[in-house]
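Biologist: I would like a close look at the charged side chains of this model and at what surrounds them. How many salt bridges does the count come to?

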Amino acid sequence: MSGRGLRLTVFLDDTDTWHHRPMYTEIVRRAHAAGLAGASVFRGLEGFGATQVVHTTRLLSMADDLPVTVVIIDTEEAVRAFLPQLDDLLIEGVAVLDQVEIVHHHGGRPEGSGE
């Protein structure tokens, strides 16, 4: 896969859950079931959102509710078709869409490099 695509980034708290499982796990499960090209979860060390409360790993008393992002990249059509899955989850986070250029690598070489 290479060319133009769409990146979906979903911002959550690590305490967000769906049926007693982490919300990010459910999003990745649904992305996989939908056949999307890939999804990754990244845990933040520090951040704040709509509540304006800074959550950080530096203070033991504030070490929960840390930021988590789920990043999904695929074709624009595939990502947009997946968006209703987020509505079903009733996420209280923010989702962002970005146009991206997808460069698929094989064995450390860009696709079609001929090296």
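Modeller: The count comes to six salt bridges, a salt bridge being a side-chain nitrogen of Lys or Arg within 4 Å of a carboxyl oxygen of Asp or Glu. The model is predicted, so local features need pLDDT of at least 70 and side-chain atom pairs count only at pLDDT 80 or more, while totals for chains, interfaces and linings use all residues. Residues are numbered from 1 along each chain as its sequence is written, and side-chain values use heavy atoms, with hydrogens and water left out.

One of the salt bridges joins Arg43 to Asp14, with 3.0 Å between the closest N and O atoms. This pair links distant parts of the chain, 29 residues apart: Arg43 sits in strand β4 (residues 39-43) and Asp14 in the loop between β1 and β2. Helices (H or I, at least four residues) and strands (E, at least two) are DSSP runs, numbered from the N terminus. The two partners fall into separate accessibility classes, where buried means under 20% relative accessible area, exposed over 50%, and partly exposed in between (1.4 Å probe, protein chains only). Arg43 counts as exposed because its relative accessible area is 51%; Asp14 counts as buried because its value is 18%.

Arg80 and Glu76 form another salt bridge, at 2.9 Å between the closest N and O atoms. Both residues belong to helix α2 and are four residues apart, about one turn of the helix. Each is partly exposed, Arg80 with a relative accessible area of 41% and Glu76 with 29%.

Other salt bridges share partners, and these join Arg21, Glu26, Arg29 and Arg30 into one network. Within this network, the side chains of Glu26 and Arg29 meet at 2.7 Å, N to O. Glu26 and Arg29 are separated by about one helical turn, because they stand three residues apart in helix α1. Glu26 is buried, at 4% relative accessibility, whereas Arg29 is partly exposed, at 41%.

Arg30 also lies in helix α1. Arg30 counts as buried because its relative accessible area is 12%. Its side chain makes polar contacts with the side chains of Glu26, at 2.8 Å, and of Gln85, at 3.2 Å. A polar contact is a pair of N or O atoms within 3.5 Å; within protein, one must be able to donate a hydrogen and the other to accept it, and residues adjacent in sequence count only if both atoms are side-chain atoms. Counting contacts as heavy atoms within 4.5 Å and leaving out residues up to four places away in sequence, Arg30 touches Trp18, Phe82, Gln85, Asp88 and Leu89.

Asp74, in strand β7 (residues 67-74), is a charged residue without a salt bridge. Asp74 is buried, and the nearest side chain of opposite charge, that of Arg80, is 12 Å away. For charge, Lys and Arg count as positive and Asp and Glu as negative; His and the chain ends are not counted. A polar atom of the Asp74 side chain does lie 2.6 Å from the backbone nitrogen of Ala37.

Some of these elements also line up with the nonpolar part of the model. The largest nonpolar core has 16 residues, and those with the most contacts inside it include Ile27, Val70, Ile72 and Phe82. The elements that give two or more residues to this core are β1 (3-13), α1 (23-33), β7 and α2 (76-89). Such a core is a set of buried Ala, Val, Leu, Ile, Met, Phe, Trp, Tyr and Cys residues joined through side-chain atoms within 4.5 Å. Beyond its neighbours within four places in sequence, Ile27 is in contact with Val10, Leu12, Val70, Ile72, Phe82, Leu86, Leu89 and Ile91.

As for the whole, the protein chain has two helices and ten strands, and 27% of its 115 residues count as buried.
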